[in-house]
Amino acid sequence: MPATETAAKTKLSRQQYLDLYYFMRLNREVEDTMTRLFRQNKIVGGLYSSLGQEAISVGSAYALEKRDWMAPMIRNIGALLVKGVPPRDIFTQHMAKFTSPTKGKDGTSHFGDLDNLHIVSPISMLGDLIPVLTGVAMAGRYLGQKIVAMTWIGDGGSSTGVFHEGLNLAASQKAAFVLILENNQWAYSTPVRRQVPLENLADRAKAYGISSYIVDGNDAVAMYSIAKEAVDRARAGEGPILIEAKTFRRRGHAQHDPAEYVPAEQREYWEKRDPIALYEKFLTAEKILDAKGKKEIEDKINKLLEKDREFAENSPMPQPELASEGVYCTGDDCHKIRPKWERPISEVTPPKSSVEPVWIVEGFGRGKTSSRENAPIHFGDTQPVADEPAARTKSPSKPAAKPPSRKSAPAKSAARGKARR
Ligand SMILES: Cc1ncc(C[n+]2csc(CCOP(=O)(O)OP(=O)(O)O)c2C)c(N)n1
Ligand SMILES: [Mg+2]
């Protein structure tokens, strides 16, 4: 279904419309505050901006439920806020304060919350979160949970090898996974045209046999509606879904980059399409937001950010002697998350967890060895029965050809599974 149709028929509650507005404004104000802190030399690491891309982070994360999982990238502070991360964590983290989620070990947004908010920490290697979140979705399925996993990738990141490998893995596993591809036209100073010979990056979904959408990433309602539909479909078992959100990176790659390579006309075009201004116009026309309501939201945000910024500025830096602590996972001290086996552990561990350890692929396994004997089909452990493709289900005419069954030869198949791992 074209994205516009879904957006047109989606009706949100008044509160949902206002939530989207609140989080987009909060996203922008948090980043504006950090830009000021950066100029005061109080930000320790790099600072990346999602100016003009707020509808994507907020609209997509707002489609997730509390139980769902996500891994944000550098331009997804809005998604962190929607999932429940307080601004103080974002400030302290960027200022490398001891009170930050990583206790001052990192100066950007490399932090997560596995225990409560279900956020996997981002990693700098572009694309690597795709197989990781696919794994999260698969784990959810093993555990009998109806969760969806989501992550984001840029136009540049969609050309990495792991993007393709990861999406193919997700597709072949029918993982409940939603990937938001933020096509903001630039990867550092490389325009999208010079790195991908495609009009629409969503077309890449065809290569994996999965569904995709193209959406105006500067339209908050469209973004939410498409993401919600994709999340619902993934949860229902339809497999992974790729959403290409068309947008524009309004600042340089990071604070150090004035992005003078961006054509002025392109910038002007997108500045006129500011997602917050567009959404405000929509809310006003629909009589959902008036001057008083807007002022209330602004006051709420200002109060929260003043308190959290002050907390961050007044927090101590970490003590030098703690530098080597908490760097590697030490189990219980590191995180509380533990596997919760809701199916018998024997059922979900190899070799019984997936296909039978030995099977016959029709039309594939009838090879002959150089001595003209039947060749083993898989793993060298089966003697195929000549002209009897259904050897596993029918009673074999030659007893020696019977492959070990799961029930009758557990020890043998377990040993084989071990050897293969
Ligand atoms: C595998 C990998 N290659 C290169 C980099 C260096 N790098 C960091 S961000 C970036 C550009 C990313 O562009 P895009 O994916 O379009 O995201 P955007 O910055 O536009 O949000 C590059 C090349 C990296 N982090 N990981
Ligand atoms: Mg980009």
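**Figure 1. Burial of N184 and W186 in the predicted model**. N184 has a relative accessibility of 5% and therefore counts as buried, since buried means under 20% relative accessible area. W186 is likewise buried, its relative accessible area being 9%.

**Figure 2. Coordination of the magnesium ion (ligand 2)**. Three residues of the chain provide the donors: D155 through OD, N184 through OD1 and W186 through O. The coordination distances run from 2.1 to 2.2 Å. Along the chain, the donors of this magnesium ion are spaced as D-x28-N-x1-W. Two of these residues, N184 and W186, are the buried residues of the preceding view.

**Figure 3. Polar contacts of ligand 1**. A nitrogen atom of ligand 1 lies 3.1 Å from a backbone N or O atom of L126. The side chain of D155 places an N or O atom 3.1 Å from an oxygen atom of ligand 1, and D155 also coordinates the magnesium ion (ligand 2). At G157, a backbone N or O atom is 2.7 Å from an oxygen atom of ligand 1. The protein buries 69% of the 580 Å² that ligand 1 exposes when taken alone.

**Figure 4. The surroundings of ligand 1**. There are 13 residues around ligand 1, of which R75, G156, G157, N184 and W186 come nearest. Sorted by class, this shell comprises 5 nonpolar, 6 polar and 2 charged residues. Ligand 1 takes up the space of the second largest pocket. N184 and W186, listed here among the nearest residues, are also donors to the magnesium ion (ligand 2).

Methods. Residues are numbered from 1 along each chain as its sequence is written. Chains are lettered from A and ligands numbered from 1 in the order in which they are written. This is a predicted model: local features need pLDDT of at least 70, side-chain atom pairs count only at pLDDT 80 or more; totals for chains, interfaces and linings use all residues. Side-chain values use heavy atoms; hydrogens and water are left out. Donors are N, O and S atoms within 2.8 Å of the metal (3.2 Å for Na, K and Ca); water is not among the atoms, so sites may look incomplete. Buried means under 20% relative accessible area, exposed over 50%, partly exposed in between (1.4 Å probe, protein chains only). A residue is near a molecule or strand if one of its heavy atoms lies within 4 Å of it. A polar contact is a pair of N or O atoms within 3.5 Å; within protein, one must be able to donate a hydrogen and the other to accept it, and residues adjacent in sequence count only if both atoms are side-chain atoms. Accessible areas come from the Shrake-Rupley method with a 1.4 Å probe; for residues, only the protein chains shown count as cover. On a 1 Å grid over the protein atoms alone, a cavity is a set of points where a 1.4 Å probe fits but cannot get out, and a pocket is an open set with protein on both sides within 12 Å along at least five of seven lines; lining residues have an atom within 4 Å of a point. A molecule sits in a cavity or pocket if more than half of its atoms lie within 2 Å of its grid points. Ala, Val, Leu, Ile, Met, Phe, Trp, Tyr, Cys and Pro count as nonpolar, Asp, Glu, Lys and Arg as charged, and the others, Gly among them, as polar.
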